[in-house]
Structure formats: C-alpha cells, structure tokens
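Subject: Structure handover

Dear colleague,

Here is the structure we discussed, handed over for your files. My notes on it follow below.

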Amino acid sequence: MLEISNLRAGYGAINVLWDVSLSISQGKLTTIIGPNGAGKTTLLRAIMGLLPASQGEVRLNGQSLNGTPTWKMADVSMTMIPEGRMTFRDMSVEENLIVGAFAKQHRARLKDNLDMSYQMFPRLRERRTQLAGSLSGGEAQMLAMARGLMSDPKLLIIDEPSLGLAPVVVNELFEILTRLKEEGRTIILVEQNTHRAVGVADHVYLMQSGKVVLSQPAAEVSLDHLHDLYFAR
Ligand SMILES: Nc1ncnc2c1ncn2[C@@H]1O[C@H](COP(=O)(O)OP(=O)(O)OP(=O)(O)O)[C@@H](O)[C@H]1O
Ligand SMILES: [Mg+2]
C-alpha cells in the first residue's frame with residue numbers, strides 16, 4: 001500500500017534518514033521501533049510531507065507522494081496521530097474531534113464519525129464539553145486517537161501512543177489498536193514498548209541512527225535478538 005524507497009531527509013544541513021526503505025502492506029499493522037533519536041518521528045514527518053525528501057520516494061498505491069502538501073494527505077485517506085498528542089488545549093473535547101473532520105469531504109459524515117468515536121471511546125463522550133487541556137494523559141491520548149479517526153482514514157500513522165501512560169491505560173490503548181486492525185485499517189505504529197508493539201504487529205522494522213537495521217515478520221521476531229540490536233549489545 002505504501003512503499004518508501006531510499007528515503008533521505010533531515011533538518012536543513014543535518015541529514016537524519018539514510019536511504020530508508022520500508023514496505024507497508026494493506027490491512028496490516030507495521031511497527032517501527034528503535035531507540036530515542038533513531039529517526040522514527042522524522043520518518044513519519046517525511047511520509048506526511050512535513051519534511052521534504054532530499055532523495056528517494058514515498059509511493060501510496062503506486063502514486064508518488066513526493067511534494068504532496070500535508071493538508072492534502074486527508075484526501076488520500078492518511079492521518080497521523082502525532083507524538084505528544086498535540087490536542088488543542090483551549091478547545092473542548094468535542095471541538096477537538098470536529099477539527100479532525102475539518103476537510104470538506106469529511107464534513108458530511110461528521111455526525112456519524114462523532115458517534116463512532118464516542119462509541120470507541122466512551123469516556124470522551126462523558127467529557128465532551130471539558131477542555132482538552134484538563135484531560136489526564138490517558139484521556140488526551142484517546143482524544144488524539146479519536147480525532148485522527150474522525151476522517152475515517154485507511155492508513156493511520158501513530159507515533160508513540162503509550163508514552164508516559166500507566167500500564168492499565170496502555171492495555172486499553174493496545175485493545176483499541178487491535179480493534180482498528182480488525183476493522184481492516186492499515187496502521188503504522190511507532191513504539192518504545194517493543195514487547196507490546198511486536199505482540200500486536202504483523203511486521204517489525206527496527207531503526208537505528210537513521211537506518212533500518214532489521215525487517216522481519218512479527219511472528220519470526222526474537223525479542224532477545226531485537227533487544228541485542230536495540231541496545232547494540
Ligand atoms: N526540528 C528538528 N531540528 C533539528 N534536528 C531535529 C529536529 N527534530 C529532530 N531532530 C534530530 O533528528 C534526530 C532524530 O530525531 P527523531 O525525533 O526523528 O527521533 P525518534 O526516533 O522519533 O526519537 P524518540 O524516540 O525520542 O521520539 C535526532 O538526532 C534529533 O535531534
Ligand atoms: Mg519520536
């Protein structure tokens with residue numbers, strides 16, 4: 001569904017991604033793991049057009065996305081749920097959700113998608129008039145997920161959703177990921193929680209210093225070997 005080939009990107013004179021190639025299959029959950037600073041978020045930004053590629057290509061169903069502005073990504077049914085949640089703190093829960101369906105073509109289905117979000121995240125319904133800035137970390141992550149789903153994306157890109165959350169909330173989050181997978185969505189999940197990420201994934205990529213150092217079906221991954229590579233033991 002999404003092919004990333006020989007991608008190089010970075011910030012100004014500093015290059016971060018070195019010839020990164022990945023293949024994301026339709027309806028599968030692909031996880032990208034790796035230590036802090038490996039370039040995971042940079043890769044997601046490059047996929048979403050938030051950073052230009054200095055080399056290489058991102059293709060969605062055979063069509064190049066190079067040069068496609070980020071605001072057009074909703075048109076091709078791609079949504080990113082960014083690291084750090086990035087909810088609008090001074091807006092209510094419901095207003096945040098409505099922003100998620102801002103693009104013209106999604107407005108007609110606003111009410112249905114709002115219902116779908118509240119069904120999946122009942123706590124958000126209870127808190128729909130509350131300011132997003134006053135939510136707990138777990139609730140804020142659920143809001144970020146629900147906002148991302150408001151455009152009913154086929155490809156969902158999620159950056160470190162479990163960061164800083166209590167184990168019970170992490171469980172809830174992974175249940176939601178499993179449900180989204182069962183709905184047939186294609187998911188790219190960046191995670192630090194390797195054990196959980198490999199558990200839910202179909203395919204695993206490990207990144208280090210801006211390069212892909214391992215690509216394996218999740219069922220074949222040995223966590224020991226993964227951790228050896230991860231910590232460069
Ligand atoms: N806006 C920026 N300007 C300059 N350098 C940046 C910027 N954002 C990230 N970097 C650098 O790019 C490299 C990769 O960062 P990136 O955020 O992609 O890593 P990551 O794998 O997502 O790490 P983490 O697990 O901590 O989120 C780091 O060396 C970082 O300092
Ligand atoms: Mg990151």
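With the side chain of which residue does the side chain of Thr41 make a polar contact? The partner is Asp159, and the distance between the two side chains is 2.7 Å. Please keep in mind that this is a predicted model, and that every value below is computed from it.

Thr41 and the magnesium ion

Thr41 belongs to helix α1, which covers residues 40-47. Its relative accessible area is 17%, and because the cut-off for buried is under 20%, Thr41 counts as buried. Once the neighbours within four places in sequence are set aside, Thr41 is in contact with Glu83 and Asp159.

Glu83 comes up again at the metal. The magnesium ion (ligand 2) has Thr41 (OG1) and Glu83 (OE) as its protein donors, at 2.0 to 2.6 Å. Thr41 is in helix α1 while Glu83 sits in the loop between β6 (78-81) and α2 (93-100), so the two donors tie together parts that lie 42 residues apart in sequence. Glu83 has a relative accessibility of 29% and therefore counts as partly exposed.

Ligand 1

There are 14 residues around ligand 1, and those that come nearest are Lys40, Thr41, Thr42, Glu83 and Gln192. Thr41 and Glu83 are thus listed here as well as among the donors of the magnesium ion. Helix α1 gives the most to the shell, with four residues. Sorted by class, the shell holds four nonpolar, six polar and four charged residues.

Three polar approaches to oxygen atoms of ligand 1 can be listed:

- Lys40: a polar side-chain atom lies 2.8 Å from an oxygen atom of the ligand.
- Glu160: an N or O atom of the side chain is 2.9 Å from an oxygen atom of the ligand.
- Ala38: a polar backbone atom is 3.2 Å from an oxygen atom of the ligand.

On its own, ligand 1 has 630 Å² of accessible area, and the protein covers 61% of this.

Thr42

Thr42 is also placed in helix α1. With a relative accessibility of 7%, Thr42 counts as buried. Its side chain makes a polar contact of 2.8 Å with the side chain of Tyr11. Leaving out neighbours within four places in sequence, the residues in contact with Thr42 are Tyr11, Val16, Leu17 and Leu51. Thr42 and Ala9 are 33 residues apart along the chain, and their C-alpha atoms are separated by 7.8 Å.

Thr30

Thr30 is in strand β3, residues 29-33. Is Thr30 buried or exposed? Thr30 is buried, at a relative accessible area of 2%. Apart from neighbours within four places in sequence, its contacts are Ile24, Ser25, Ile187, Ile188, Leu189, His203 and Tyr205.

The loop between α6 and β7

Two residues of this loop are worth a note. Ser151 lies between α6 (137-149) and β7 (155-159) and is buried, with a relative accessible area of 8%. What does the side chain of Ser151 join in a polar contact of 3.0 Å? That contact is with the side chain of Thr79. Thr79 also appears in the list of residues that Ser151 touches, together with Gly100 and His106, when residues up to four places away in sequence are not counted. Arg107 is 44 residues from Ser151 in sequence, yet the C-alpha to C-alpha distance is 8.8 Å.

Asp152 is found in the loop between α6 and β7 too. At 31% relative accessibility Asp152 is partly exposed, whereas Ser151 is buried.

Backbone angles

Phi of Asp152 is positive, near 50°, although the residue is other than glycine. Ser77, likewise not a glycine, has a positive phi of about 65°. Ser77 is placed in the loop between β5 (63-64) and β6, and at 14% relative accessibility Ser77 counts as buried. You may want to look at both residues in the model.

Regards

Notes. Residues numbered from 1 in each chain as written. Chains lettered and ligands numbered in written order. Predicted model: local features only at pLDDT ≥ 70, side-chain atom pairs only at ≥ 80, totals over all residues. Heavy atoms only, no water. Buried < 20%, exposed > 50% of the residue type's maximum accessible area, 1.4 Å probe, protein only. Polar contact = N/O pair within 3.5 Å; in protein donor to acceptor, adjacent residues only side chain to side chain. Contact = heavy atoms within 4.5 Å. Near = heavy atom within 4 Å. Areas by Shrake-Rupley, 256 points an atom, 1.4 Å probe, with all protein chains shown as cover. Nonpolar A, V, L, I, M, F, W, Y, C, P; charged D, E, K, R; others polar. Donors = N, O, S within 2.8 Å, 3.2 Å for Na, K, Ca; no water.
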